[in-house]
Amino acid sequence: MTNDACTSLEELLGRVRKYHPQADGEALIEKAYRFAEKAHAQQKRESGEPYFAHPLTVASILATLMLDAPTIAAGLLHDTVEDCEGVTLEVIEREFGQEVALLVDGVTKLDKLEFNSREERQAESLRKMILAMSKDIRVVLIKLADRLHNMRTLKYSPPEKQRRIAQETLDIYAPLAHRLGVYKIKQELEDLCLRYLDPQGYQNLIQKVGMRRAEREESIRLVIKQLGQKIEELGIRYDIDGRPKHFYSIYKKMVLQNKPFEQIFDLIAIRVLVDSIPDCYAVLGIVHTLWKQVPNRFKDYISTPKPNMYQSLHTTVVGQNGMPFEVQIRTWEMHRVAEFGIAAHWRYKEGKQAGDELDKKLYWLRQILDWQNETKDSKEFISSLKVDLFSDEVFVFTPKGDILDLPKGATPIDFAYRIHSAVGNKCIGAKVNGRIVTLDTPLNTGDFVEIITQANAKGPSMDWVKIAKTSQAKAKIRQFFKRELKEENVAKGRSMLEYEAKRQAVNLPALLKNEYLEPLLKKYAFLDTDDIYAAVGYGGLAASHVITRLVEEQRRREKPALPPAPAPQPAEEQRPRQQAQHTGSSDHGIFVRGEPGMLVRFARCCNPLPGDEIVGYITRGRGVTVHKADCINVLSEIDSARLVEVSWDAEVKTNYDGSIQILAYDRDGLLADLVLFIGSMKVTISAISAKTNKNKTCTINVTLEVKNRQELDKIIKQLSKRSDVIEIFRVST
């Protein structure tokens, strides 16, 4: 799809006319073109080209997918609300109608709202997009076209941003294109991601593929000639061509199967298009007559289509020169669906979908809607999204012979809840292929699965949440405990919050004021504090997330009340400020008002740094303890009569301990890479520790020697740009 960019309105309209000769949508597209061109007139992209080139290319990609006029208009307008002064959704709706406004709103990110982390912003933007998808699937097609052009122009962005955007694209958007069957976009996105995530591996692969190009082209030519002659003898109308596999599929095989390039032989695929399904199987017979079939490499996606509507016959055979190659056989209509996926099922009939048939193809989208409201935690939402939508599928059979698709690694528990909540809740065992198995047994394609139920079963176990792979099953298990065991969940959640508050050294009762709780209650549609406790108890909310949000809300609303400064002394009795007010401890660099010579220590609950607003607390026998002004202990626990005004001595140059906590994707060599990265910023690491989590992430605590808060903030900002860093916080020691 790399040559799909239009350069003018006339070219764009010409492309639309090829698949939609009627002119009723042209006026809308032209109006959107003029509006967006004017709105973006003063803006430039990172490449330096006019910004309008981006929405025009997005609209061009949508036209290549043969989408309707409202979708193309929304593609032209998709960034106006987000990036253009004075353009609101109300303006878009007034000028272009509700349909276009809803599409634009669906792809508009939530950047203008406040979030704790980039991951939370990403999760909530994705949640918004998925809800919009449920109303209109065209939303995600616009988003995919938008991301495709952004990836094509990513070379103009800083390296850190390149890696972050490429990783997000590979994790979310390329698999989403796969789920929707839009393989043209999926494959290009994957190849572009590889270029930035492993530049050296990408270049090496290009060189190696190029070195064998002549040999492959000759093999393709001979295969096409030989196969074409045999098909003609049967009188079947056909089209045949050969194509190299895209780079990422070769790279993935090298990485996952640990194979050197020299041991990967099936670098090409022969595609045969025919008129009918009987012709497909006839051509398959010819292929297996001409060449020897590779065992276990035949897949019939015609009789068992993929959930994304893909249909084709795949077989791998060995050519006369000993080189394996894949043959794909399908009808022209199947090929159109294979290229354009969900877009191929869209019809230009008043912007409406193709009906019930399309709804069946989007069952997986309804699955998301079943569990996404139950998943409040951002990290869990993104993790669940990847598992449910973007992992490989397995196809299993019910006792009646119906086929269900589940993510790879799914268990009988996932199967039971996929059938019905009541089946899952009454499940006491399972049979796979007639044999009783444990409930944590992974299912494989072709398995016949039978769930053993009992009418008076007690219900699921909370351990099932860890066994289940699909978020649909996890959500239904949690719903059971939420409904049946609310009192136990409330008690358990209260206990978990108390433990987390103690771990973070904060006063939980002081945090449970109505004004601090209100944002949480509103965000998650809870009625009262018991709902929060229950959500934590059944696993819908992380205790650490609740405490963090309450502490931040308290800090935002409260400031410590300092005692009034003492009256100034007579002029003749006054001494210079540094002599009168310095503690005498130049290592700390702290002035204490009216208390010369006092011993100074820093509070470990908040670890203040130069640049932080600070306050002193007089501790009997231990001098003055310096806290951050917004420290929770200052705000809620200590006697305000002992507060004393303190300030930093700008002339004292020393280092202070600043501690951060990093949540990152776990991988080999991660800790070494982070140490080198931090070292490149000329910062000394005084302590570091790491803990691996169950969800393939790890938590890393680092203590750094820094001059002030600004230096620590800079380090946090640089680290947060890394693609392997999920979240990063400043913490106490």
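In the predicted model, residue D531 lies in helix α27, which spans residues 529-537. The relative accessible area of D531 is 15%, and since the limit for burial is under 20%, this aspartate is therefore classed as buried. Leaving aside residues up to four places away in sequence, the contacts of D531 include K486 and F526.

At the level of the whole chain, the secondary structure consists of 32 helices and 21 strands. The chain holds 733 residues, of which 50% are buried. The accessible surface of the chain amounts to about 35,400 Å², and 50% of this area is supplied by carbon and sulfur atoms. Contacts were also examined by sequence separation: of those between residues at least 6 apart in sequence, 67% join residues at least 24 apart.

The largest nonpolar core of the model comprises 71 residues. Within this core, the residues with the most contacts are L12, I29, L76, I92, M151 and I185. The surroundings of L12 illustrate how one of these residues is placed: with residues up to four places away in sequence not counted, L12 touches C6, I29, L56, A59, S60, A63, I72 and L76. Two of these partners, I29 and L76, are themselves listed among the residues with the most contacts inside the core. A second core, separate from the largest one, contains 31 residues, including I662, A664, V706 and L712.

Cysteine residues were considered next. C6, a contact partner of L12, has a relative accessibility of 4% and is therefore counted as buried. C280 has a relative accessibility of 0%, so this cysteine is likewise counted as buried. A search for disulfides, in which the sulfur atoms of two cysteines must lie within 2.5 Å, gave a count of 0 for the model.

On the surface, a nonpolar patch is formed by L671, V675 and I688. Together these three residues present about 200 Å² of accessible area. L671 belongs to helix α31, which covers residues 670-679. With a relative accessible area of 35%, L671 falls between the limits for buried and exposed residues and is therefore classed as partly exposed. In burial class, L671 thus stands apart from D531: the former is partly exposed, whereas the latter is buried.

Terms used:
Residues numbered from 1 in each chain as written. Predicted model: local features only at pLDDT ≥ 70, side-chain atom pairs only at ≥ 80, totals over all residues. Heavy atoms only, no water. Core = buried A, V, L, I, M, F, W, Y, C linked by side-chain atoms within 4.5 Å. Buried < 20%, exposed > 50% of the residue type's maximum accessible area, 1.4 Å probe, protein only. Contact = heavy atoms within 4.5 Å. Patch = residues over 30% accessible without salt bridge, like charges linked within 9 Å, V, L, I, M, F, W, Y side chains within 5 Å. Areas by Shrake-Rupley, 256 points an atom, 1.4 Å probe, with all protein chains shown as cover. Salt bridge = Lys/Arg side-chain N within 4 Å of Asp/Glu carboxyl O. Helix = DSSP H or I, 4+ residues; strand = E, 2+ residues; numbered from the N terminus.
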